[in-house]
Amino acid sequence: MSTSVRPEPKPGVMDIAAYVPGRESAPGATKVWKLSSNESPLGPSPAAVEAISKAMGHLELYPDGSATKLRNAIAETHGLNPANILCSNGSDELLGLLAQTYIKPGDEAIFTEHGFLVYRIQTLAAGGTPVVVKEDKERADVDAILAAVTEKTRIVFLANPNNPTGTYIPVDEVRRLQAGLPKTALLVLDAAYAEYVRRNDYESGIELVSSSENVVMTRTFSKIHGMAALRIGWMYAPAHVVDAVNRVRGPFNVNALAIEAGAAAIRDKAHVERAVAHNETWSAWLVEELGKLGLRVTPSVGNFLLIHFPENGGKSAADADAFLGTRGYVLRRVVPYGFPNALRLTVGPEEANRGVVAALKEFMES
């Protein structure tokens, strides 16, 4: 008989390390540049803002539980069947729903050592066992992933591009991974940063989902579309996966403002191209300038850079973080991701990019 005097969480819940978002404040700084959460420096499409304004007069009504307008807009933009699209309260919700749907106690989920922290959280929350595999030069290693597969493997989570490294694996490697998995294992391609990638050997996963029964692609409106506050995610998946996840998701998991704004945003291709062009220009500039300071930067195809600092001499990532904070620049510590001596820098507006480089130059030369 239990001797507890209060309700207790089920076993394993209190062993989960809660996700900690990027820091927002820099105490003492007169102006703060938040470069810790990979948010778009361009903000949302004006069309999305207008759509929200029009929808504000009907807040008493429940949203469409199927997010039909948003699904149709996504399908139209990407040439997909809307029946194979499911929308969500951010792509994080989809990762949790997929884990809840396909993982039971005793099952395993595989992800790489520097993969998104939510994979571990949702695997544990579902009662599963996380299986972490090594990366090769801060890049997913298909052979290592396949070597970790067992009869208990139910999901393989692959962020492509990955956060916080910004690295990716080409489509041939993704296809080789899928071909080597058991048909009973679900490959979840987390393509949150897909729109930023401009490489001929990259695919977000649409083609592989279309030709497979065990592949799902998740996407988000939080990054290039600049709508992190609205929490809009979506997945493209085989019909049987959509059917299963629909049975466990909340009935109104995408709010009405998000549906309207998302539908408008994804059709505003000019705004997306402006965001891509800004990122291409300033990412390249930042890499060059940081290199001049003697700092190694992991090659990134996303809208962020992983900056590595010296191991000694008072120039560590922790030292840099403290110094930058006094100047109003907030970057992301990535210790939980296996990088105790690195900071992740979001590509920001011009003023922030130039300012953070100047601050780092002052730090390195001090």
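Me: Let's settle a term before looking around: strands, labelled E, are DSSP runs of at least two residues, numbered from the N terminus. With that in hand, which strand gives the largest share of the lining of the largest cavity?

Reply: Keep in mind that this is a predicted model. The largest cavity has a volume of about 90 Å³, and 15 residues line it, with Thr112, Ala140, Leu158, Ala159 and Asn162 closest to its centre. The largest share of that lining is three residues, and they come from residues 153-159, which is strand E5.

Me: What kind of residues line the largest cavity, and how many of them are charged?

Reply: The lining is a mix: seven of its residues are nonpolar and five are polar. That leaves the charged group, and its count is three.

Me: How many cavities of 30 Å³ or more are there, and what is the volume of the second largest?

Reply: The count comes to two cavities at that cut-off. The lining of the second largest cavity includes Ser40, Tyr196 and His278, and it divides into five nonpolar, four polar and no charged residues. As for the volume of this second largest cavity, the figure is about 40 Å³.

Me: Now for an open sheet of four strands: which strands stand at its edges?

Reply: The order is E9-E10-E13-E12, and the pairing is antiparallel. An edge strand here has a single partner strand, so one side of it is left without a neighbour in the sheet. The ones in that position are strand E9 (296-298) and strand E12 (332-334).

Me: Staying with E9, which residue in E10 is the bridge partner of Arg296?

Reply: In general, strands of a sheet pair through backbone hydrogen bonds. E9 and strand E10 (residues 304-308) run antiparallel, and three bridges join them. In E10, the partner of Arg296 is His308.

Me: Which helix lies across E9, E10 and strand E13?

Reply: Look for residues 269-292, which lie across those strands and run at about 10° to E10. Strand E13 itself covers 339-346. The helix you want is H10.

Me: On to the rings: what is the angle between the planes of Tyr62 and Phe252?

Reply: A search of the whole structure finds nine aromatic pairs, and Tyr62 with Phe252 is one that is stacked, at 4.7 Å centre to centre. Tyr62 sits in the loop between helix H1 (46-55) and helix H2 (68-78), while Phe252 is in the loop between helix H8 (239-246) and helix H9 (256-267), 190 residues apart. Planes under 30 degrees apart count as stacked, and the angle for this pair is 25°.

Key: Residues are numbered from 1 along each chain as its sequence is written. This is a predicted model: local features need pLDDT of at least 70, side-chain atom pairs count only at pLDDT 80 or more; totals for chains, interfaces and linings use all residues. Side-chain values use heavy atoms; hydrogens and water are left out. On a 1 Å grid over the protein atoms alone, a cavity is a set of points where a 1.4 Å probe fits but cannot get out, and a pocket is an open set with protein on both sides within 12 Å along at least five of seven lines; lining residues have an atom within 4 Å of a point. Grid points are joined across faces, edges and corners, and a volume is the space filled by probe spheres set on the points. Ala, Val, Leu, Ile, Met, Phe, Trp, Tyr, Cys and Pro count as nonpolar, Asp, Glu, Lys and Arg as charged, and the others, Gly among them, as polar. Two strands pair if DSSP finds at least two bridges between them. Contact means heavy atoms within 4.5 Å. Axes are lines fitted to C-alpha atoms, for helices over the stretch in contact, and angles run from 0 to 180 degrees between N-to-C directions. Rings of Phe, Tyr and Trp (its six-membered ring) pair if their centres lie within 6.5 Å; planes under 30 degrees apart count as stacked, over 60 as edge-to-face and the rest as tilted.
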